[in-house]
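Thanks for sharing this one. Below are a few notes to read alongside the coordinates, arranged by region.

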Amino acid sequence: MAEPAREDERFMAAALRLARQHLGQTSTNPSVACLIVKDGVIVGRAVTARGGRPHAETQALTEAGEKASGATAYVTLEPCSHHGKTPPCADALVASGVARVVVSILDPDERVAGRGITRLRDAGITVDIGVLPEEGHAALEAYLMRQVSRRPYVTLKLAVSADGMIGRKGAGQVRITGPISRGQVQMLRSETDAILVGIGTATADDPELTVRLPGLEDRSPVRIVLDRRLDLPLTSKLVRTAREVPVIVISGGSDEAGGDAAEGAARKLALEAAGVEVLQAGSIADLLSALASRGISSLMVEGGAVAARAFLDAGLVDRIQLYTGPVTIGKSGIASPFDRKSIPAGFRRVAEARYGDDLFEEYEREN
């Protein structure tokens, strides 16, 4: 028979893997997983449903049925204890008759923040907290960032040529990396709440910024363009698909709308008529605060040297994903803000891999 601590870690690791299934798909709620285990056998399992409801615990308990009585529930985040659109998950666990609840990390949401644990213990349920806490924080890092810092978790993704370029002047999109790397980026998009590019990238490349992996096309993130002057063409793919996948254009206000205020107002009305939301933000920090208020927990900054530099200069990048391809662009290239030999200070490398001929490196901000 496995040691209790080892068994707890084994089931919690499985729950954390399950929780990642719906990253970027649970609206304002975190993607949480719950396993109901009895006599060493999983009798119920679930992850927060797409859209945010129902929660993992209630789904897993429904699957377990009467087998939940006397069982152990493994939950990646403290069960909620407040009445919202659905009853508290802590109450559902109590009503099910589970004997024990194992939690990876506590919920910093002020409506929960330990109250879920108290509700369970007051009902006589044994509660153990802090099983695989580092892994739990990693799985919920975006949600925790929004709750604690009131902004999304920001990942900066760059594809850089062997000579430190991210594109070629006047050429639009240039393929720097191979199909494996591009597939990895598509997966990251599918797990992210929102993706952002600068207006330079939006006009030069005319990207759609959707998820194109077979079977995951419906997991495209909200698309955001930094566009102080509202220059995004109405004929662009982003505008033409705005009613299918949301698009937000970040404006600098009428004073930055490019000349005549009436002209800027007309561009704003035209974009909105096409289904684009126009949001005014004076700084990167203001933008992130506005996105967090809408429930956006994770943001991927994918396109443009200007946009990348703006987030780096603001000190608001949490993770860097750097893909270095074997191609050389030359003097006509657009220089990257950095390459693998000049990573910004304050970041440490946490992962490295080879994707065909490409080198992938991941860096996280040091605490």
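1. Let me start with Arg212, keeping in mind that the model is predicted. Arg212 sits in the loop that runs between helix H8 (199–205) and strand E9 (222–226). Its relative accessible area is 53%, and since exposed means over 50%, Arg212 counts as exposed.

2. Which residues join Arg212 in a positive surface patch? The partners are Arg175, Lys237 and Arg240. Patch members must have over 30% relative accessible area, and Arg212, at 53%, meets that cut-off. They must also be free of salt bridges, so none of the four residues of this patch has one.

3. Next, please turn to helix H6, which covers residues 141–149. Its buried residues are Ala142, Tyr143, Leu144, Met145, Arg146 and Gln147. An arginine, Arg146, and a glutamine, Gln147, are thus listed there beside Leu144 and Met145.

4. What covers the buried residues of H6? The cover includes both helices and strands. On the helix side there are H5 (133–139) and H11 (284–293). On the strand side there are E3 (72–77), E4 (100–105), E6 (153–160) and E12 (298–303).

5. Gln147 deserves its own entry. This residue of helix H6 has a relative accessible area of 14%, and because buried means under 20%, Gln147 falls in the buried class. Setting aside neighbours within four places in sequence, Gln147 is in contact with Pro108 and Asp109. Just after H6, Arg150 adopts a positive phi of about 60 degrees, a backbone detail you may like to look at while you are there.

6. Now for helix H10, residues 261–273, where Leu271 is found. Is Leu271 buried or exposed? With a relative accessible area of 1%, Leu271 is buried. Apart from neighbours within four places in sequence, its contacts are Leu230, Leu232, Leu234, Val239, Val276 and Val278, a list made up of leucines and valines.

7. Ala270 is also in helix H10. At 28% relative accessibility, Ala270 counts as partly exposed, whereas Leu271 is buried. The C-alpha atoms of Ala270 and Leu234 are 7.8 Å apart, with their positions 36 residues apart along the chain. Leu234 also appears among the contacts of Leu271.

8. Finally, a distance that relates H10 to H6. How many Å separate Leu271 and Leu144, C-alpha to C-alpha? They are 33 Å apart in space and 127 residues apart in sequence. Leu271 is buried, and Leu144 is one of the buried residues of H6.

Terms used. Residues numbered from 1 in each chain as written. Predicted model: local features only at pLDDT ≥ 70, side-chain atom pairs only at ≥ 80, totals over all residues. Heavy atoms only, no water. Patch = residues over 30% accessible without salt bridge, like charges linked within 9 Å, V, L, I, M, F, W, Y side chains within 5 Å. Areas by Shrake-Rupley, 256 points an atom, 1.4 Å probe, with all protein chains shown as cover. Salt bridge = Lys/Arg side-chain N within 4 Å of Asp/Glu carboxyl O. Lys, Arg positive; Asp, Glu negative; His and termini not counted. Charge placed at Lys NZ, Arg CZ, Asp CG, Glu CD. Helix = DSSP H or I, 4+ residues; strand = E, 2+ residues; numbered from the N terminus. Buried < 20%, exposed > 50% of the residue type's maximum accessible area, 1.4 Å probe, protein only. Contact = heavy atoms within 4.5 Å.
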